[in-house]
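Reader: Please take a close look at one part of this model, the contact between its two chains, and give the cut-offs as you go.

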Amino acid sequence: MLFAVFSGFVLAALTPWLIGLVKDRIGWLLALLPLGLTFYFVSHIPAVSNGEVILQSWDWMPGLDINLSFMLDGLSLMFALLISFIGTFILIYAGSYLRGHRYLGRFYVTMLCFMASMLGVVLSDNLISLFVFWELTSITSYLLIGFNHEDKDARKCALQGLLVTVGGGLALMAGLIMLGMAGGSFELSEILNSDNDLLTSSFTVGMILCILAGTFTKSAQFPFHFWLPNAMAAPTPVSAYLHSATMVKAGVYLMARLNPGLGEHPLWTALLCSAGAVTMVLGAYLAYSATGVKKVLAYSTIMALGTLTMLIGIGTDHAMIAFATFLLAHSLYKGALFMIAGILDHETGTKDLTVMGGLRSAMPITAVAATVAGLSLAGMPPLFGFVAKEALFEAVLGAPWQGAVLIVAAVASAILVIAVAGAIAVKPFWGALGNTPKKPHEAPIGMLLGPIVLAFTSLLFGVVLYAPDTLLVAAAVTSVKGAPVDFYLSLWHGVNWPLILSIGSVVAGVTLYLLWNANRRILIKVNGAVSRFGPEAGYFKMMDGFVGIANWHTRVLQNGVMGNYMIVLVMTTVILTGYTLLSQHGFYLALNLSDMNFYEGAIALLLTIAAIYVILTRSRLGAVATLGVLGFSVALIFILFSAPDLGITQVLVETLTVILLVLVLFKLPGFSHYSTRFEIWRDGTVAVFFGVLMTLLVHAAIDVRYFESISSYFVQASYPDAQGRNIVNVILVDFRALDTLGELFVLAIAALGVFSMLNLRAEVKKS
Amino acid sequence: MAYVIGVLFASAVYMMLRRSIVKLVIGLMILSNAANLLIFTVSGMTRGSPPLIPEGLTEPAGVVADPLPQALVLTAIVIAFGVLAFAVVLIHRAYEVVGTDDLDKMKDTDT
């Protein structure tokens with residue numbers, strides 16, 4: 001499976017080269033990979049539907065429990081099949097949709113990387129590698145939404161999608177780590193199949209909240225749903241693939257995956273059911289009120305994601321069956337519908353449903369595919385969507401948590417979705433010919449292939465229910481539920497509640513569809529009024545807030561006044577170090593003069609006077625001379641306290657310094673006096689604080705010795721190992737020779753800098 | 001000695017907080033001296049026994065001053081000189097280009 005996942009990345013790396021080779025046919029060529037992967041996964045169906053779970057593992061960072069381990073069970077198999085199967089047609093479709101586009105190569109590279117990461121998400125067994133793939137899908141999604149990067153809106157929408165999903169991703173990482181800690185392992189297969197205290201651990205609630213923050217943002221659940229419609233700024237193949245069939249389902253996948261472990265927790269049930277139900281109704285309503293063909297589909301995708309989340313939350317056997325069926329049905333018809341939306345956009349030049357009409361004669365094949373997919377969306381027999389909807393009703397009828405509310409929500413959204421299906425699949429093709437910017441004509445075969453195959457798979461699955469039932473759905477239900485469930489899917493269950501609800505919703509839905517035009521004005525008004533309070537307004541407020549804080553922060557901290565930087569740094573040091581010092585060591589000052597010779601005291605006094613004189617003097621010459629006094633006094637201290645080498649060096653350096661200062665400083669202006677009285681007091685206080693801190697620090701440091709010094713080694717090894725009698729020299733040129741070499745480099749670079757600055761001046765003057 | 005170091009650090013910081021760029025450099029010099037003394041002092045000060053090995057012995061006779069901080073300080077002195085030389089030429093050049101020695105007026109990136 002490692003190769004299945006990574007082949008996408010490899011092919012992505014080869015794409016720029018391949019595209020030069022085959023030009024416009026690139027889509028067909030690249031589609032061979034997902035096609036091959038489809039067959040690869042199909043070949044695993046018999047084993048997996050018998051209940052087998054295939055585990056494979058490669059070491060990545062074994063010391064940290066991070067492995068590239070993969071798990072193939074019913075749920076991952078279903079997702080993997082959807083990703084590779086739909087991916088095949090998307091790649092072909094994109095080849096026609098973006099024919100001759102300047103950045104076609106870039107598009108395919110990102111798309112293949114996305115496909116590989118998505119396979120990684122659904123196949124990963126290790127939590128950390130799952131997270132890595134998860135973030136990769138966010139990043140590739142960002143690149144794909146912003147594919148038309150010259151468009152400002154596209155960039156903005158891409159950023160919005162990225163911030164929302166990556167923000168959630170951050171929470172998810174925390175959640176997954178907690179999950180790994182509570183579960184005692186970072187392998188999903190072990191966490192879910194072993195006895196552990198997932199539900200009773202002290203951070204269960206935090207873990208659930210963090211994980212759901214990640215999955216809700218990714219799967220566009222209320223209140224994070226707003227980024228998904230905006231992501232429609234992406235080219236249609238991207239919307240069809242990422243934002244309906246695959247990426248947005250990653251969140252749903254993870255919730256389903258973790259359901260056997262966390263499904264019993266009341267918080268899990270409550271959050272999933274409520275967020276799912278709200279998202280479902282809201283999505284359906286917004287889909288009905290939107291007019292852009294892609295927006296309609298985006299909102300209906302939100303509705304579907306809400307439904308799936310709610311079903312996981314309900315958690316009964318029926319809900320799990322409905323989950324797996326609905327997931328499969330939705331991916332098929334929504335992929336098809338998105339591609340049809342792209343065709344409509346491409347061939348008519350507009351995205352607005354209100355101006356489309358009567359296209360069936362110009363685009364007969366598209367019309368047929370749209371009708372079939374639309375019927376599946378509406379949940380009409382004998383399509384697979386009908387089976388899914390029946391299962392959904394069955395599930396909410398048996399829901400143990402707030403059953404009545406969920407039934408109302410499900411029926412309401414079903415009614416709205418039927419009206420939406422009409423708007424998307426009937427309105428553009430029937431009625432009077434609309435006034436479209438481009439003269440409509442049928443799309444090329446590359447674009448038609450995807451919708452036709454996906455739409456008719458919906459039909460096929462509906463008619464031959466045996467196939468999806470035993471091969472895919474059963475195994476997926478088993479993995480979501482954590483135990484095998486006995487059931488069979490069928491079109492006709494006899495006259496029962498789900499059927500009655502279905503018929504009722506169809507009648508109501510058709511009525512709503514007929515009122516589609518009439519309701520426009522009211523809906524626009526209502527949505528305009530409400531949107532000011534919606535979560536998206538909150539998002540923009542938050543972004544403005546961030547910018548505001550950053551501005552304020554820059555104004556206060558990064559204002560270009562060097563003195564302020566220094567004060568902040570020095571005072572931070574004083575406070576942090578001072579606090580630690582006082583709390584660990586206490587305030588301790590000692591002045592022991594008895595142990596001090598007369599001449600040592602004199603030098604110390606000289607140093608103090610020199611330091612104070614430098615501050616007070618207004619004469620540059622005086623300052624430089626005092627600095628000399630200061631430096632030579634330090635040299636004397638070195639010599640007095642057994643460091644002759646230091647003394648010699650200090651004398652040399654000090655001499656050079658004074659010469660340098662005399663040479664250069666006198667080309668600079670005299671001491672100017674800029675500071676106000678307040679500044680002098682402020683700086684003086686800061687300086688005194690720092691001085692006191694350093695004094696205390698020296699006292700503390702002389703008293704405390706935590707570790708045995710390594711000096712004794714140098715003292716002992718100096719002569720036997722290095723044949724040197726001056727231990728300091730031996731350390732410098734032998735034991736720590738590399739450090740000294742580095743020091744030489746620093747000096748050489750400083751010299752180069754000095755030299756170049758002096759030379760540069762000459763050139764500037766010449767020019 | 002601790003008090004002397006404190007005074008040195010205080011005057012170094014005060015000088016570095018001045019707006020005159022020349023004073024900044026002077027502050028830098030005092031700071032490096034203070035830091036050297038700090039390292040030297042906290043490693044313990046020993047009188048009259050430099051870390052040398054007399055002829056004929058393989059180890060120094062008796063207790064000698066700690067050679068390791070001395071090696072560190074030696075490096076620091078030399079580096080400080082490099083930094084100083086660089087800084088002095090840099091401010092000289094900056095003064096020529098910008099035409100002021102007031103640090104608060106050197107705020108723009110493109111002068």
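Author: What follows describes the contact between chain B and chain A. This is a predicted model, in which local features need pLDDT of at least 70 and side-chain atom pairs count only at pLDDT 80 or more, while totals for chains, interfaces and linings use all residues. Residues are numbered from 1 along each chain as its sequence is written, chains are lettered from A in the order in which they are written, and side-chain values use heavy atoms, with hydrogens and water left out.

Chain A brings 97 residues to the contact and chain B brings 80, where contact means heavy atoms within 4.5 Å. About 8100 Å² is buried between the two chains, and carbon and sulfur atoms give 75% of that area; buried area is the accessible area (1.4 Å probe) that two parts lose on being put together, summed over both. Of the area that chain B buries against chain A, 9% comes from B:Tyr3, B:Leu17 and B:Arg47, more than from any other three residues.

Between the chains there are 2 salt bridges, each a side-chain nitrogen of Lys or Arg within 4 Å of a carboxyl oxygen of Asp or Glu. One of them joins the side chains of B:Arg18 and A:Asp683, at 2.2 Å from N to O.

On the side of chain B that touches chain A, the elements giving two or more residues are helices H1 (2–17), H2 (21–42) and H3 (67–98) of chain B; helices are DSSP runs (H or I) of at least four residues, numbered from the N terminus. H3(B) gives the most to this side, 23 residues.
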